[in-house]
Amino acid sequence: MQLMEEKILTEGKVLPGGILKVGSFLNQQIDTAFLKEMGVEIARLFQDAGVTKVLTIESSGIAIAAAAGMELGVPMVFAKKHKSSNVDGSTYTSVVHSFTHNTDYTIVVSSDYLCKGDVVLLVDDFLANGKALIGLCDLVEQAGAKLAGAAVAIEKGFQGGGDTLRAQGVRVESLAIIESMNDVSIAFRPQN
Ligand code: 5GP
């Protein structure tokens, strides 16, 4: 998505440790017009996949997952990061290693919201080593639901998570794939 690459080049900031900061349009302030465009593009990519639900992890995936769900006309479910009193009864859980915080956390979703007949599209803001998406795949598998694939706003291709998932047969679509980045330049992987 050309516009995503332009936004990253003009507004993104590369931080030490291989982190890209996009707080001005995706992670703190949200460019709502652009968010809608992201939802439209994800819906276009997966329009024939029979998606019945969009699944993400709180909190940074919620906005883009909701935008995708709105355009696809299906509900969006977000996995919570801790077992809380808001989630009771039967649940699916998985342990995820956080790239940005370097800790493990548990993701949990109620079995009321992820069912056997569902065709699930995973959506997230970033794809780095792929641990967040692998945890979400695990929840989908526990529910006995079908995986349509994954859509992410920004894939950091140099970390390899996306290509590992593709090699395992998961359809992964990224609105931009960063091949390399440092504090002076960001290079993208060409996409059709
Ligand atoms: P992964 O599990 O693929 O290693 O990392 C993906 C998760 O880590 C995303 O949900 C995202 O919140 C966070 N993340 C990974 N890399 C970055 C980054 O460069 N910038 C930001 N803002 N978040 C990132």
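Biologist: Before we look at Ser98, what do buried and exposed mean here?
Modeller: A residue counts as buried when its relative accessible area is under 20% and as exposed when that value is over 50%, with partly exposed in between. Please keep in mind throughout that this is a predicted model.

Biologist: Okay, so is Ser98 buried or exposed?
Modeller: Ser98 has a relative accessible area of 7%, and because buried means under 20%, Ser98 is classed as buried.

Biologist: Where is Ser98 found?
Modeller: Ser98 belongs to the loop that runs between β5 (91–97) and β6 (104–110). A polar atom of the Ser98 side chain lies 3.4 Å from the backbone nitrogen of Thr100.

Biologist: Switching to the ligand, how many residues surround it, and which are the closest?
Modeller: The ligand is surrounded by 17 residues, and the closest of them are Asp124, Ala128, Asn129, Gly130 and Lys156. By class, the shell around the ligand is made up of 7 nonpolar, 6 polar and 4 charged residues.

Biologist: Which backbone atoms lie by the ligand's oxygen atoms?
Modeller: For Gly130, a backbone N or O atom is 2.7 Å from an oxygen atom of the ligand, and for Asn129, a backbone N or O atom is 2.8 Å from an oxygen atom of the ligand. With Asp125 the side chain is involved, since an N or O atom there is 3.4 Å from an oxygen atom of the ligand.

Biologist: And how much of the ligand does the protein cover?
Modeller: On its own the ligand has 510 Å² of accessible area, and the protein covers 89% of that. The space that the ligand takes up is the largest pocket.

Biologist: Which elements give two or more residues to that shell?
Modeller: Those elements are β2 (19–21), β7 (119–127) and α5 (131–143), and β7 provides the largest share, with 4 residues.

Biologist: Different topic: what about the glycines, say Gly39, buried or exposed?
Modeller: Gly39, which is found in helix α3 (residues 32–45), is buried, because its relative accessible area is 0%. Gly39 and Arg189 are 150 residues apart along the chain, and their C-alpha atoms are separated by 21 Å.

Biologist: And Gly73, where is that one found?
Modeller: Gly73 is in the loop between α4 (62–72) and β4 (76–79), and Gly73 counts as exposed because its relative accessibility is 64%.

Biologist: How far is Gly73 from Val51 in space?
Modeller: From C-alpha to C-alpha, Gly73 and Val51 are 9.3 Å apart, while in sequence they are 22 residues apart.

Definitions and conventions:
Residues numbered from 1 in each chain as written. Predicted model: local features only at pLDDT ≥ 70, side-chain atom pairs only at ≥ 80, totals over all residues. Heavy atoms only, no water. Near = heavy atom within 4 Å. Polar contact = N/O pair within 3.5 Å; in protein donor to acceptor, adjacent residues only side chain to side chain. Areas by Shrake-Rupley, 256 points an atom, 1.4 Å probe, with all protein chains shown as cover. 1 Å grid on protein atoms, 1.4 Å probe; cavity = no way out; pocket = protein on both sides within 12 Å on 5 of 7 lines; lining within 4 Å. Sits in = over half its atoms within 2 Å of the grid points. Nonpolar A, V, L, I, M, F, W, Y, C, P; charged D, E, K, R; others polar. Buried < 20%, exposed > 50% of the residue type's maximum accessible area, 1.4 Å probe, protein only.
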